[in-house]
Amino acid sequence: MMEHYIIVKFTEGTDVKALVGPVHAIFEETLSIPGIHSLDIRTSNSDIANRYDLMIIITMDQEALPAYAASEPHLRWKREYGDRIAGKAIFDCDTAR
């Protein structure tokens with residue numbers, strides 16, 4: 001089992017709080033992909049300029065990663081929000097034991 005982290009810094013002036021609901025709705029659709037087990041979306045509690053805004057954590061079987069990457073919700077996320085993203089980090093790791 002693994003955790004897939006997407007850590008996002010939105011462009012200046014983006015209302016992050018207004019995006020949380022729609023972004024959550026998109027990623028919630030990934031839960032129907034076999035091997036994807038859970039979703040957690042967190043917003044930053046800091047308004048310091050160099051901090052990232054949003055962290056998406058998807059817990060999945062490692063074998064589900066290619067299906068997730070090709071999924072319609074993932075592609076829609078990139079299509080609909082890609083131009084609002086100033087920076088992004090993707091990090092995959094084994095789940096904590």
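These numbered points walk through the fold, the core and a few single residues of the structure above.

1. A word on what you are looking at: this is a predicted model. Every value below was computed from that model, so to speak from its coordinates as they stand.

2. Begin with the overall layout. The protein chain contains three helices and four strands. Reading from the N terminus, these elements follow the order β-α-β-β-α-α-β. Try tracing that order with your finger on the structure.

3. Next, the overall dimensions. The C-alpha trace spans about 35 × 30 × 20 Å along its principal axes. Is the chain compact or extended, judging by its radius of gyration? A compact globule of 97 residues would have a radius of gyration near 13 Å, and the protein chain has 13 Å, so the two agree.

4. Contacts along the chain are worth a look too. Among contacts in the protein chain with a separation of 6 or more, 73% are between residues 24 or more positions apart. One pair to look up is Met-60 and Ile-36, which are 24 residues apart in sequence, yet their C-alpha atoms are 4.2 Å apart in space.

5. Now the surface and the charges. The accessible surface of the protein chain is about 5,900 Å², and carbon and sulfur atoms account for 51% of this area. Of the 97 residues, 37% are buried. The chain carries 10 positive and 15 negative charges, and the mean positions of these two groups lie 4 Å apart.

6. Which residues touch the most other members of the largest nonpolar core? This core has 22 residues, and the answer is Phe-10, Val-23, Phe-27, Ile-56, Ile-58 and Trp-77. Two or more core residues come from each of strand 1 (2-10), helix 1 (16-28), strand 2 (36-43), strand 3 (54-60) and helix 3 (72-81). Helix 1 gives the largest share, five residues.

7. Phe-10 deserves a closer look. Beyond its neighbours within four places in sequence, Phe-10 contacts Val-16, Leu-19, Asp-53, Leu-54, Trp-77, Arg-84, Ile-85 and Ala-86. Trp-77, you may recall, is also one of the core residues that touch the most other members.

8. Strand 3 offers two residues to compare. Met-60 lies in this strand, and so does Thr-59. Met-60 counts as buried because its relative accessible area is 0%, and Thr-59 is buried as well, at 14%. Leaving out residues up to four places away in sequence, Met-60 is in contact with Met-1, Met-2, His-4, Gly-35, Ile-36, His-37, Leu-65 and Tyr-68. With that exclusion applied to Thr-59, its contacts include Met-1, Met-2, Gly-35, Ile-36 and His-37, along with Glu-3, Ser-38 and Thr-95.

9. Is Arg-76 buried or exposed? This residue of helix 3 has a relative accessibility of 15%, so Arg-76 counts as buried, the cut-off being under 20%. Setting aside residues up to four places away in sequence, Arg-76 touches Ile-26, Glu-29 and Tyr-81.

10. Finally, visit Glu-28 in helix 1. With a relative accessible area of 44%, Glu-28 is partly exposed, since that class lies between 20% and 50%. Glu-28 and Pro-73 are 45 residues apart in sequence, while their C-alpha atoms are 8.6 Å apart in space.

Definitions and conventions
Residues numbered from 1 in each chain as written. Predicted model: local features only at pLDDT ≥ 70, side-chain atom pairs only at ≥ 80, totals over all residues. Heavy atoms only, no water. Core = buried A, V, L, I, M, F, W, Y, C linked by side-chain atoms within 4.5 Å. Buried < 20%, exposed > 50% of the residue type's maximum accessible area, 1.4 Å probe, protein only. Contact = heavy atoms within 4.5 Å. Rg over C-alpha atoms; globule rule 2.2 N^0.38 Å. Areas by Shrake-Rupley, 256 points an atom, 1.4 Å probe, with all protein chains shown as cover. Lys, Arg positive; Asp, Glu negative; His and termini not counted. Charge placed at Lys NZ, Arg CZ, Asp CG, Glu CD.
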